[in-house]
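Me: I am new to this structure and would like to understand the reasons behind the terms used for it. Could we go through them one by one?

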Amino acid sequence: MSSELPPAVEGFPHNFVWGVATSAYQIEGSPEADGKGLSIWDAFSRMPGNIAGNHNGDVACDHYRRWREDVALMRQLGVRAYRFSIAWSRVLPEGTGRVNRRGLDFYDELVDELLSQNIQPYATLYHWDMPWALDARGGWLNRDCAGWFAEYAEAAGRRLADRVRHWITLNEPWVVADQGHLRGALAPGRRSKYDARAAANNQLRAHGAAVAALRTAGPMQLGVAVNLTPQHPASDSPADRNAARLAHAYVNRQFLDPILLGRHPDEMAELYGPAWRPLDDADLAAVRQPIDFVGVNYYLREVVQADAAATPFPFRTVKQAGRPHTAMGWEVYPAGLTEILQWVHREYGAVPLYITENGVALDDMEPGGDLAADPDRVAYLRDHLESALAAMRAGVDLRGYFLWSLLDNFEWQFGYGKRFGVVYVDFASGRRTLKASARWYRRQIEQG
Ligand code: FCB
C-alpha cells in the first residue's frame, strides 16, 4: 500500500532525531492509580462547562495501562525518540515532600522499554498538570513554586537521569500564563493580568531552579519548549506594525529573552500596564542558566491588527479568509516555520533547536473516516518538513522533529473532538489504528 504514499522529504542529516510527542494528562488516564495525587487538570476538567462535551482525562488513551502497546506502535513507526511528559502528581502526590515510588516506577519501566527498542526518551517535566495540592498554595502565583519545581525535578532526575539524556523543563510557559492565568481557558482558569504576570515570572524562576537542580544529576541536555507563532501586521500602517511588534514581544520573546538573554523585552511594561512586575537582577541571573537546546512548538501564524478598544491588549488577530485552516481554526502556514526558526537563530545566537511539536487536527478523521487515506495530514507534515529543511539550509542548527502527536488524545478545552494523532484512537474501546500519515512518517524516517 505504501507505494501510494507521497514521497519523503529528502535531505535531512543521518543523525537527525525523528520523534513523536505526547503529554501525560492528554493520554495517561488513571488519575488516582498507584498513589497519584490529583492535578489542576483533574479538578478543572471535572468542573462542568470548562471542556467541550464535558470530557475529561480520566481514561484518555488509557496509556497508563496500555503503554507497552504504545511503545510497540512507536517501534512500528520507526521513530528514534519519544517526547513524553512526567506527571508531577504521580511523583509527588502533594507536590512537595513525600516521593511516591510507584509513580516513578511507571516512568522508569517506560524508559527501559523505550531504550530496549532503541527509542531515546525526551522527558518534559511540566506539561500543564500542576499538583492540585500546590494550586491550593497559590500554584504559579506563589514565589515558592520555583523551589517546589526544583524539588520535583531533582526527584525525577535522581530516578531517571541515568537513562534519560534529554530533559525539557516547561512546555509552553506562555500558554500557561496567557490561557491559564489571563483568559481562564485552561487550568487553573484564572483571569487577571496580575496573575498572568506572576505566573510568567514564577515559571521563569522555576525553569532556572530546575535547570540548576538537574545539572547535578548527571550528564544531560537541558532545554525548554516554547510555542512560537509569527505575528504579521494586517497592513503596512504604523499602527498595525506596532501592534505586530507588541504581539511578537508578548508571544515569542516574553520567555526566551529572560531565559537566553537575562532580560525582559522593553514592550512588557506597555503590555502589562499597572500589572507589570519585572524580575529583579538576582532572579534574572538565576533564570538565565546555560541550556543546551530550545524546543520550538510550531502550529500557525497570526495576523495582527491594532485595536485601541480591544482588551486585554490593544490589538486583535484577524482570520485570513480564503487561506487553509485546520480543525482548530489555525491558519496552515508552513513558511512561518522557516521564518521563526531563522528568527531564533538570529536573535539568540547559535543555540541548537528541536521542533518539539508540530502537527495538525483535522475533521476528516471522525469515526467512520478513511484511515487508509489522510492526505491532508501528510501534506501538512511534508510542507512543514520542507520548511524546516529550508531553515537548516540557511544555517539554523536544527537537531530533530517531534510530530504532535502519536495518538489522538485529550485536546484540553476541546476534549476528544480534535484529533492530532497519526494513530487513530477509538476512545470507546481504546483501540488504536494507524492512519496513512503514520505509514508515511515511517517512510519519511527511513528515507528522509
Ligand atoms: C500545544 C500543546 C499540546 C497540544 C498541541 C496541539 O500547545 O503543547 O499539548 O495541545 O498544542
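**Reasons behind the terms**

Reply: At 0% relative accessibility, Asp178 counts as buried, since buried means under 20% relative accessible area. Please keep in mind throughout that this is a predicted model.

Me: What makes the contact between Arg183 and Asp178 a salt bridge?

Reply: A salt bridge needs a side-chain nitrogen of Lys or Arg within 4 Å of a carboxyl oxygen of Asp or Glu, and the closest N and O atoms of Arg183 and Asp178 are 2.8 Å apart, so the pair meets the definition.

Me: Why is Arg183 called partly exposed?

Reply: Arg183 has 34% relative accessibility, and because buried means under 20% and exposed means over 50%, with partly exposed in between, Arg183 counts as partly exposed.

Me: How do you know that Arg253 and Asp257 form a salt bridge, and are these two residues buried or exposed?

Reply: The side chains of Arg253 and Asp257 meet at 2.9 Å, N to O, which satisfies the requirement of being within 4 Å. Arg253, at 15% relative accessibility, counts as buried, and Asp257, with a relative accessible area of 0%, is buried too.

Me: Why is the pair of Trp67 and Phe106 called edge-to-face?

Reply: Their ring centres are 6.3 Å apart and there are 85° between the planes; rings pair if their centres lie within 6.5 Å, and planes over 60 degrees apart count as edge-to-face, so both conditions are met. Trp67 lies in helix 3 (residues 63-77) and Phe106 in helix 5 (residues 101-116), so the pair ties together parts that are 39 residues apart in sequence.

Me: What makes Arg301 a charge over the ring of Tyr333?

Reply: The charged end of Arg301 sits over the ring of Tyr333, 4.2 Å from its centre, and the distance part of the definition asks for within 6 Å. In another such case, the charged end of Arg197 sits over the ring of Tyr272, 4.8 Å from its centre.

Me: Why is strand 1 described as largely enclosed by the rest of the structure?

Reply: Five of the five residues of strand 1 (residues 17-21) are buried, so the strand is largely enclosed. Both of its faces are covered, with Val17, Gly19 and Ala21 buried on one side and Trp18 and Val20 buried on the other.

Me: How do you know that strand 1 pairs with strand 2?

Reply: Pairing requires at least two bridges, and strand 1 and strand 2 (residues 81-85) have three, in the parallel sense. In strand 2, Tyr82 is the bridge partner of Val20.

Terms used
Residues numbered from 1 in each chain as written. Predicted model: local features only at pLDDT ≥ 70, side-chain atom pairs only at ≥ 80, totals over all residues. Heavy atoms only, no water. Buried < 20%, exposed > 50% of the residue type's maximum accessible area, 1.4 Å probe, protein only. Helix = DSSP H or I, 4+ residues; strand = E, 2+ residues; numbered from the N terminus. Phe/Tyr/Trp six-rings, centres within 6.5 Å; stacked < 30°, edge-to-face > 60°. Lys NZ or Arg CZ within 6 Å of the ring centre and 35° of its normal.
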